[in-house]
Amino acid sequence: MPEVLLIKDYAQQPAAWAAAFADFDLEVRDWDAVFGGGDGGDGGDGDGDGVDGDGRGDGDGDGGDGDGDGVDGDGDGDSRGGRGAGALAPAEIDYALVWQPAPGALARLPNLKLIFSLGAGIDHLAGDGVLPPGVPVLRMVDAQLTAGMTEYVVYHALRFHRAMPAYEAQQRRAEWRLLPQVAAAERRIGILGLGVLGGAAARALATLNFDVAGWSRGPKDLGIPSFAGAGELPALLARTDILVCLLPLTAATAGILCAANFARLPAGACVINAGRGGHLLEADLLDALERGHLAGAALDVFANEPLPPGNPLWSHPRVAITPHAASKTLPASSARHVIDNIRRFRAGRPVGPLADFARGY
Ligand code: NDP
Ligand code: OXD
């Protein structure tokens, strides 16, 4: 029997996932093959957090039935190997590729060998009871995920740099007026987080001649000015016209996009947040925009996702919103990371990169 990988996004794009693993000796199945229509969580009040159509945000899972196996799904017809397309027993699952699994669900898979995060962030796995003890958890590091984020950051940086929000507003008023043009070399971009995603965005922006600097926990040698640790954050902010947040959400970074730090930015600065909603204090941003201290914001992530219809950010004229879409994990490329690691695991070699829950990323 081939080993089984359970994917908690499979049903959203079954053909793409099946194709991505087609040449590898593994049976890939949807989460529902074990957990049925629920999210497989600990059960209880029936309002667990399922996954919506694009694999992110809150859906309306059933909270599972808490009976220990929950096997009532009917599969999706795309599986390979000898088990057919029906339900699987929890003990048949070897690997899981997940986004926002309900607490208790993974613990119900007794033979789980590796857990792959569907996202680069691991905060969705950090809650109480989400992870079974002793099973290694791998971060998602994937060239296409990185490229998508670079595109998002470069797009919004260029949009602010070239005053496109102002030109778009002028067009709506049929107003023909030239605005000042600033050379890229004179536009200072500050990137919070110089990891896989922040480092790639920094390199791309530097190639466009922007004056890029970055901030991380430890100093970095990326050929750009590097600021490190809480003590050097004010200096980074003071030299930043466009602030990009690509940090993981941890106790140390929650709420970092706040009034005190906005005040450290020069007047007229813009903010791009593609890290996590928990980095941003929305009321502080709205206040800084209203006072004119900040000129604009591009927001991809929110404390409450989906962003509720009544949230004032939706209609703010100087805020651009995307629905946690800056960069998605695509099956074809992310499968390579999964396959490579399963090969390593089978060969008894080290797997990675491993999530470090002590540091929070
Ligand atoms: P990495 O782990 O590769 O990089 C994280 C960076 O943040 C590192 O440079 C790290 O510093 C820095 N950092 C962490 N804590 C602190 C701190 N307290 N002070 C200063 N710097 C800190 O993560 P990725 O680049 O892969 O991903 C970053 C985040 O992007 C994810 O956690 C996720 O939240 C978000 N994301 C959003 C997506 C979207 O679609 N909106 C898609 C994918 C990811 P050091 O290098 O010194 O360790
Ligand atoms: C991620 C995300 O962490 O999609 O990859 O937000």
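**Note on a predicted two-domain model with two ligands**

1. The place of valine 130 is in the loop between β4 and β5. The model under review is a predicted one, and this loop residue serves as the starting point. Is valine 130 buried or exposed? Valine 130 has 20 other C-beta atoms within 10 Å, and it is therefore buried; a residue counts as buried when 20 or more such atoms lie within that distance.

2. The surroundings of valine 130 can be described further. Apart from neighbours within four places in sequence, valine 130 is in contact with Pro101, Pro103, Leu106 and Leu125. One of these partners, leucine 106, is 24 residues away in sequence, yet the C-alpha atoms of leucine 106 and valine 130 are 6.9 Å apart in space.

3. The two strands that flank this loop belong to a sheet. This open sheet has five strands in the order β2-β1-β3-β4-β5, and the pairing is parallel. Its edge strands are β2 (27–30) and β5 (137–138), each of which pairs on one side only. Helix α9 (residues 331–346) packs on the sheet and touches β3, β4 and β5. The direction of helix α9 makes about 160° with that of β4.

4. The pairing of β4 deserves a closer description. Strand β3 (residues 95–98) and strand β4 (residues 114–117) are joined in the parallel sense over four bridges. Within this pair, tyrosine 95 has leucine 114 of β4 as its bridge partner. Strands β4 and β5 also pair in the parallel sense, over two bridges, and isoleucine 115 stands opposite valine 137 in β5.

5. Which residues of β4 point one way, and which the other way? Leu114 and Phe116 point one way, while Ile115 and Ser117 point the other way. All four of these residues are buried. As a general rule, side chains in a regular strand alternate between the two faces of the sheet.

6. A second open sheet contains seven strands. Their order is β8-β7-β6-β9-β10-β11-β12, again with parallel pairing. The edge strands here are β8 (226–228) and β12 (319–321), and each pairs on one side only. From one strand to the next, the twist averages 15°.

7. Inside the seven-stranded sheet, four bridges join strand β6 (residues 188–192) to strand β9 (residues 242–245), and these two strands run parallel. Leucine 192 stands opposite cysteine 245 in β9. Helix α5 packs on this sheet, where it touches β6, β7 and β9. The direction of α5 makes about 165° with that of β7.

8. Helix α5 is also the place of alanine 200. Alanine 200 has 19 other C-beta atoms within 10 Å, so it is partly exposed; the count required for a buried residue is 20 or more. Leaving aside neighbours within four places in sequence, alanine 200 is in contact with Thr146 and Thr150. Leucine 222 is 22 residues from alanine 200 along the chain, and their C-alpha atoms are separated by 9.9 Å.

9. How many residues surround ligand 1? There are 30 of them, and the closest are Gly121, Gly195, Leu197, Arg217 and Pro248. Helix α5 (196–207) and strand β7 (211–216) each supply at least two residues of this shell. The largest share, three residues, comes from α5. By class, the shell around ligand 1 divides into 15 nonpolar, 12 polar and three charged residues.

10. Why does ligand 1 lie between the two domains? Domain 1 (3–142 + 329–346) and domain 2 (144–321) both give residues to the shell around ligand 1, so ligand 1 lies between them.

11. Ligand 2 is surrounded by Gly119, Ala120, Gly121, Met140 and Thr329. Its shell has two nonpolar, three polar and no charged residues. Gly121 is listed around ligand 2, and it is also among the closest residues to ligand 1.

12. Some figures describe the protein chain as a whole. Its secondary structure comes to nine helices and 12 strands. Of its 361 residues, 42% count as buried. Among contacts between residues at least 6 apart in sequence, 61% join residues at least 24 apart.

How values were computed. Residues numbered from 1 in each chain as written. Chains lettered and ligands numbered in written order. Predicted model: local features only at pLDDT ≥ 70, side-chain atom pairs only at ≥ 80, totals over all residues. Near = placed C-beta within 6 Å. Nonpolar A, V, L, I, M, F, W, Y, C, P; charged D, E, K, R; others polar. Domains from an automatic or database assignment. Pairing = 2+ DSSP bridges. Axes fitted to C-alpha atoms, helices over the stretch in contact; angles between N-to-C directions. Contact = placed C-beta atoms within 7 Å. Buried ≥ 20, exposed ≤ 12 C-beta atoms within 10 Å, placed from the backbone.
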